[in-house]
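Please open the structure in your viewer and keep the selection panel at hand. The tour proceeds from the chain as a whole to particular places within the chain.

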Amino acid sequence: MGTHVCRKQMVQWMWRWRVCPVAVSRGQMPFCTTQQEPHQVNPSRTSQVTHRPVTHLTLCSLLEMGFSETQAEEMHEGATKSRGKHIPSVLTALFILGLNPSSILKIMQKCPEVYSLKGADLQQRVNHLRKMGLVEGDASFLVVWGSLQRMISHYPKVMVLPIKRVNMVSRLLREKCLFTVQQVTDILRESPEVLEEDLAQLEYKFQYAYFRMGVRQAEMVKAKLFRLSLSELRCRHCFLERRGLYQTPDKKGQTLVANPPLKDVLCVSEETYLTQVAMATVEEFHVFHKLMAREQEEEGREDEYSSDEDEELGEDKYNDDDDGQHRRKHLWNTGYKKGRK
């Protein structure tokens with residue numbers, strides 16, 4: 001269903017004052033709570049009864065919006081469980097955005113919290129995403145979705161996240177990771193999961209790719225870096241490094257080996273990565289994966305131990321030579337801020 005058709009139907013539904021006369025002879029839930037029993041209908045009062053506005057969600061109103069009977073029943077069940085008071089306005093906002101009934105149902109299945117939203121709050125979040133450069137496509141004649149529709153359909157939780165959280169992630173990517181405004185928009189479109197990621201871990205992932213792997217921002221965006229977890233990123237990179245297939249560039253950006261592009265390391269399946277990039281077997285990679293997990297666990301215990309030790313010794317002891325050696329060793333192990341000068 002195109003955007004134009006969806007909007008037209010929603011406007012008609014919102015402004016239509018009528019009663020849906022659906023029979024209840026089958027013993028099922030009536031499609032409309034405004035329904036009158038046949039023996040109660042008074043012809044002289046028909047004009048008074050049939051001009052009541054639809055203010056809550058019913059099976060009848062869902063069918064009028066374009067949902068199939070099965071979809072309408074599932075939507076109605078979810079709405080009843082959530083006890084949302086503003087579901088009609090939420091559905092109106094989603095239809096106006098250009099989403100069809102099937103897509104809206106999938107959104108509700110992925111993120112039932114949307115049932116509890118207010119239409120005004122949802123519209124405010126959508127407007128904020130538009131200001132960040134995420135725009136919707138026009139599906140009036142062709143089934144073409146813009147970045148905004150794709151993002152909401154793929155990651156509907158963006159509609160329930162506070163605007164403050166979205167701004168925090170955006171500011172971190174721009175100010176600390178030095179991505180351009182357009183690059184931040186691309187990251188949010190392709191990897192909206194970053195909005196829930198721990199900010200320290202998010203920055204560390206960037207630092208690892210930038211200083212440890214020698215990758216610049218444009219290549220990170222192209223390779224969809226933030227779709228992968230930090231552990232998976234480190235594992236794929238270190239496996240290549242220890243096989244002599246990857247080398248950290250020097251200050252001039254030069255290496256003794258030809259490093260594969262980041263997209264060939266991250267944007268491929270494990271099978272393609274092993275056969276075309278790492279030139280290794282699945283068994284070798286899985287063994288290495290276990291060893292990496294053990295190394296990271298040991299590093300975590302060392303960091304925890306050193307942190308407890310620092311607290312016991314006090315701030316004066318924190319700056320002595322031995323502790324300085326430990327901190328330099330920690331930075332060498334992680335690659336964080338390596339070669340920043």
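Begin with the surface of the whole chain, which exposes about 20000 Å². Carbon and sulfur atoms supply 52% of that exposed area. Please bear in mind that this is a predicted model.

Next, display the chain as a cartoon. It contains 18 helices and 0 strands. Of its 341 residues, 40% count as buried. Consider also the contacts in the chain between residues with a separation of 6 or more: residues 24 or more positions apart account for 68% of these contacts.

**First stop: α7 and α9**

Select residues 119-131, which form helix α7, together with residues 163-176, which form helix α9. The axes of α7 and α9 lie 11 Å apart, and the two helices pack at an angle of about 15 degrees. Because angles under 35 degrees count as roughly parallel, α7 and α9 are described as roughly parallel to each other. The crossing of α7 past α9 is right-handed.

Now show the side chains at this contact. From α7, select Q124, R125 and H128; they meet I163, V166 and N167 of α9. By class, the residues of this contact comprise 2 nonpolar, 3 polar and 1 charged.

**Second stop: F226**

Move to the loop between α12 (217-222) and α13, where F226 is found. Is F226 buried or exposed? Its relative accessibility is 6%, and F226 therefore counts as buried, since the cut-off for a buried residue is under 20%.

To see what surrounds F226, select L173, F179, I187, S191, V194, L202, K205 and F206, with which F226 is in contact when its neighbours within four places in sequence are left aside. Of these partners, take I187 as an example: F226 and I187 are 39 residues apart in sequence, yet their C-alpha atoms are 7.6 Å apart in space.

**Third stop: α13 and α15**

From the loop, continue to helix α13 (residues 230-242) and add helix α15 (residues 270-278) to the selection. How do the axes of these helices cross? They come within 12 Å and cross at roughly 20 degrees, so α13 is roughly parallel to α15. The crossing of α13 and α15 is right-handed.

Finally, show the side chains of R236, F239 and L240 in α13, and of E270, Y273, L274, V277 and A278 in α15, which make the contact. This contact has 6 nonpolar, no polar and 2 charged residues.

Notes: Residues numbered from 1 in each chain as written. Predicted model: local features only at pLDDT ≥ 70, side-chain atom pairs only at ≥ 80, totals over all residues. Heavy atoms only, no water. Axes fitted to C-alpha atoms, helices over the stretch in contact; angles between N-to-C directions. Helix = DSSP H or I, 4+ residues; strand = E, 2+ residues; numbered from the N terminus. Parallel < 35°, antiparallel > 145°, perpendicular 65-115°, else oblique. Left-handed = near helix turned anticlockwise from the far one by under 90°. Contact = heavy atoms within 4.5 Å. Nonpolar A, V, L, I, M, F, W, Y, C, P; charged D, E, K, R; others polar. Buried < 20%, exposed > 50% of the residue type's maximum accessible area, 1.4 Å probe, protein only. Areas by Shrake-Rupley, 256 points an atom, 1.4 Å probe, with all protein chains shown as cover.
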